[in-house]
Amino acid sequence: MKVFILYPPISALERHNNIPSYRGINNLMIPPGIFYLAAFLREHGHTVEVVDAEARNLDVDNILDMIAQFVPDVLGISATTVVFHRAVEIAERVKEAFPQITLVIGGAHVSAIPQQALETSPFPIGVIGEGEITFLELLAALKDGTNLANVQGIVFKIGKGGDRSDASNFSRPLFLGVFVS
Ligand code: B12
């Protein structure tokens, strides 16, 4: 499948809860999670675009242009709590412009409060905790049209058009593909 993985942009002020004295602190670092996911999915045959929109100074319109060019089957967005509103903004725009794209949210926010994250957003599916195997299995289920209830480690909305009835299947062992000696 074609998968676009996005780390959304926020300003330093947004990141620090609009506290002006923190404006200059913007400890930019590579977000390893999205690149691990991209590498893992590519190894398993998926076509993946991965974009750190913060590092690349992209705004929401730039991101929409990139999505229009790549035309993914699935857009996966990574978000902590401070950036969740931007993830929602992008998801709303994508849902309107490209309703055929399946939206998936992952990262710290949805992992901390899975049901609430879906209730307050247009995301139909959230991945909880480590995403490599869960995302791979989720893509297989989406491609084959099999029941999402068989995918461990996700929260999802049931029903056509994403009604407000949420289901979850949290149980997922930790990813054991990486060893430190
Ligand atoms: C390194 C780090 C940073 C780095 C890099 C951030 C990053 N996003 O990678 C820097 C210094 C930039 C940073 C900044 C901030 N951080 Co920070 N950070 C961490 C830390 C210590 C490790 C993150 C990490 O690299 N993990 C390893 C990677 C491989 O895992 P991962 O990122 O979680 O990704 C995996 C899964 O989450 C999932 N996944 C992630 N995204 C997606 C997307 C999809 C589609 C799918 C399917 C799956 C998926 O799959 C990935 C692979 O398994 C965590 C604590 C922790 N132990 O996790 C805090 C943590 C994420 N940070 C936190 C906070 C609060 C912040 C800041 C708000 C601090 C601030 N005021 O500046 C900012 C927010 C920046 C932003 N734009 O979101 C909180 C978030 C809490 C919350 N409710 O969201 C955490 C959890 C620490 C804590 N316990 O409070 N942080």
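## Close-up views of a predicted model

The place of Val-71 is in the loop between H3 and S3. This and every view below come from a predicted model.

**View 1. Val-71, a loop residue with positive phi.** Val-71 follows helix H3 and precedes strand S3, in the loop between them. Its phi is near 50 degrees, a positive value in a residue other than glycine. Most residues other than glycine have a negative phi. Is Val-71 buried or exposed? Val-71 has 11 C-beta neighbours inside 10 Å, and 12 or fewer count as exposed, so Val-71 is exposed.

**View 2. The whole protein, for orientation.** The protein has seven helices and seven strands. Along the sequence they follow the pattern β-α-α-β-α-β-α-β-α-α-β-α-β-β. The protein has 181 residues, and 33% of them count as buried. Take the contacts between residues at least 6 apart in sequence: 63% of these join residues at least 24 apart.

**View 3. The loop between S2 and H3.** Two residues are picked out here. Asn-57 lies in the loop between S2 and H3. Leu-58 is found in that loop too, between strand S2 (47–52) and helix H3 (60–70). Asn-57 is not a glycine, yet it has a positive phi of about 55 degrees. Asn-57 is exposed, because 8 other C-beta atoms lie within 10 Å and the limit for exposed is 12 or fewer. Leu-58 has 18 other C-beta atoms within 10 Å and is therefore partly exposed.

**View 4. Leu-58 and its partners.** Which residues does Leu-58 touch, leaving aside its neighbours within four places in sequence? Leu-58 is in contact with Pro-9, Ala-53 and Ile-63. Pro-9 is 49 residues away from Leu-58 along the chain. In space, the C-alpha atoms of Leu-58 and Pro-9 are separated by 6.9 Å.

**View 5. Helix H3 against helix H4.** H3 packs on helix H4 (residues 84–97) at an angle of about 40 degrees. Their axes are 11 Å apart. That angle makes H3 oblique to H4. The crossing of the two helices is right-handed. On the H3 side, the contact uses Val-60, Ile-63, Leu-64 and Ile-67. On the H4 side, Glu-89, Ile-90, Arg-93, Val-94 and Ala-97 take part. By class, the contact of H3 with H4 has seven nonpolar, no polar and two charged residues. Ile-63 of H3 appears here, and Ile-63 is also one of the contacts of Leu-58.

**View 6. The shell around the ligand.** There are 32 residues around the ligand. Which of them come nearest? They are Gly-33, Gly-76, Ser-78, Gly-106 and Gly-131. Several elements give two or more residues to the shell: helix H2 (32–43), strand S3 (74–78), strand S4 (102–106), helix H5 (108–112) and helix H7 (132–144). H2 gives the most, with five residues. By class, the shell has 16 nonpolar, twelve polar and four charged residues.

**View 7. Helix H2 against helix H7.** Both helices give residues to the shell around the ligand. The axes of H2 and H7 come within 9 Å. How do the two axes cross? They cross at roughly 50 degrees. H2 and H7 are therefore oblique to each other. H2 passes H7 in a right-handed crossing. From H2, the contact is made by Tyr-36, Leu-37, Phe-40 and Leu-41. From H7, Glu-132, Phe-135 and Leu-136 meet them. The residues of this contact of H2 with H7 divide into six nonpolar, no polar and one charged.

**View 8. Glu-130, ahead of H7.** Glu-130 is found in the loop between strand S5 (125–127) and H7. Is this charged residue buried or exposed? Glu-130 has 21 other C-beta atoms within 10 Å, and 20 or more are needed, so Glu-130 is buried. Ala-108 lies 22 residues from Glu-130 along the chain. The C-alpha atoms of Glu-130 and Ala-108 are separated by 9.8 Å.

**View 9. Glu-137 within H7.** The place of Glu-137 is in helix H7. Glu-137 has 19 C-beta neighbours inside 10 Å and therefore counts as partly exposed. Glu-137 and Gln-152 are 15 residues apart in sequence. In space they are 8.4 Å apart, C-alpha to C-alpha.

Technical notes: Residues numbered from 1 in each chain as written. Predicted model: local features only at pLDDT ≥ 70, side-chain atom pairs only at ≥ 80, totals over all residues. Near = placed C-beta within 6 Å. Helix = DSSP H or I, 4+ residues; strand = E, 2+ residues; numbered from the N terminus. Nonpolar A, V, L, I, M, F, W, Y, C, P; charged D, E, K, R; others polar. Axes fitted to C-alpha atoms, helices over the stretch in contact; angles between N-to-C directions. Parallel < 35°, antiparallel > 145°, perpendicular 65-115°, else oblique. Left-handed = near helix turned anticlockwise from the far one by under 90°. Contact = placed C-beta atoms within 7 Å.
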